[in-house]
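Before turning to single residues, it helps to take in the model as a whole and ask how its overall dimensions relate to its fold. The paragraphs below go from the chain to its helices, and then to two positions within one of them.

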Amino acid sequence: MRPVIPYVTAALLFGLGVYGVLRRRNAVLVLMGVELMLNAVNLILITADTTTRALLPHSGQVFALFVIVLAAAEIGVGLAIVLQLYRMRASVAVDEVPLEREGQR
């Protein structure tokens, strides 16, 4: 198997995810960018597992499963935060989120 194509695809997915996180103002789109980056990592883990199976069998698949579980938890917590932010501010723009408390200025 030639692992170049999955590695290039993973690099493109990761770059697109980084672009989405850095350029988007909508919190839901930022979460989607993070998901793209995690999926790129999963693609690299699975590709590395198939190419280096003799050293540690199925280790990449186990790590990919761990990343999928972390991504599901991250999306659950992230969407809860976004919903609460929308209830409080009627907007999900990340640059309008106050990072300090009202009395600390």
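The protein chain has a radius of gyration of 18 Å, whereas a compact globule of 105 residues would have one near 13 Å. In keeping with this topic of overall dimensions, the C-alpha atoms fill a box of roughly 60 × 25 × 25 Å when the box is taken along the principal axes. This is a predicted model, and the mean pLDDT of the protein chain is 88, with 95% of its residues reaching 70 or more.

The secondary structure consists of three helices and zero strands, and reading along the sequence gives the pattern α-α-α. Among these helices, confidence is highest in helix 1 (residues 4–23), at a mean of 95, and lowest in helix 3 (residues 59–89), where the mean is 90. Helix 2 covers residues 27–51.

How much of the protein chain is buried, and how far apart in sequence are the residues that touch? Of the 105 residues, 21% count as buried, while 54% of the contacts with a separation of 6 or more are made by residues 24 or more positions apart. The accessible surface of the protein chain comes to about 7800 Å², and 69% of that surface belongs to carbon and sulfur atoms. As for charge, the protein chain carries 9 positive and 7 negative side chains, and the centres of these two sets lie 4 Å apart.

Two residues of helix 2 allow a closer look. T47 has its place in this helix, and, leaving aside neighbours within four places in sequence, T47 is in contact with P3, P6 and Y7. Is T47 buried or exposed? T47 is buried, because its relative accessible area is 4%, and the cut-off for that class is under 20%.

V34 is also found in helix 2, but V34 counts as partly exposed because its relative accessibility is 22%, which falls between the limits of 20% and 50% that bound this class. Once its neighbours within four places in sequence are set aside, V34 is in contact with V21 and E74. V21 lies within the residue range of helix 1, and E74 within that of helix 3. A further distance helps to place V34 in the model: the C-alpha atoms of V34 and L56, which are 22 residues apart along the chain, are separated by 28 Å.

Conventions: Residues numbered from 1 in each chain as written. Predicted model: local features only at pLDDT ≥ 70, side-chain atom pairs only at ≥ 80, totals over all residues. Heavy atoms only, no water. Helix = DSSP H or I, 4+ residues; strand = E, 2+ residues; numbered from the N terminus. Buried < 20%, exposed > 50% of the residue type's maximum accessible area, 1.4 Å probe, protein only. Contact = heavy atoms within 4.5 Å. Rg over C-alpha atoms; globule rule 2.2 N^0.38 Å. Areas by Shrake-Rupley, 256 points an atom, 1.4 Å probe, with all protein chains shown as cover. Lys, Arg positive; Asp, Glu negative; His and termini not counted. Charge placed at Lys NZ, Arg CZ, Asp CG, Glu CD. pLDDT = per-residue confidence, 0-100.
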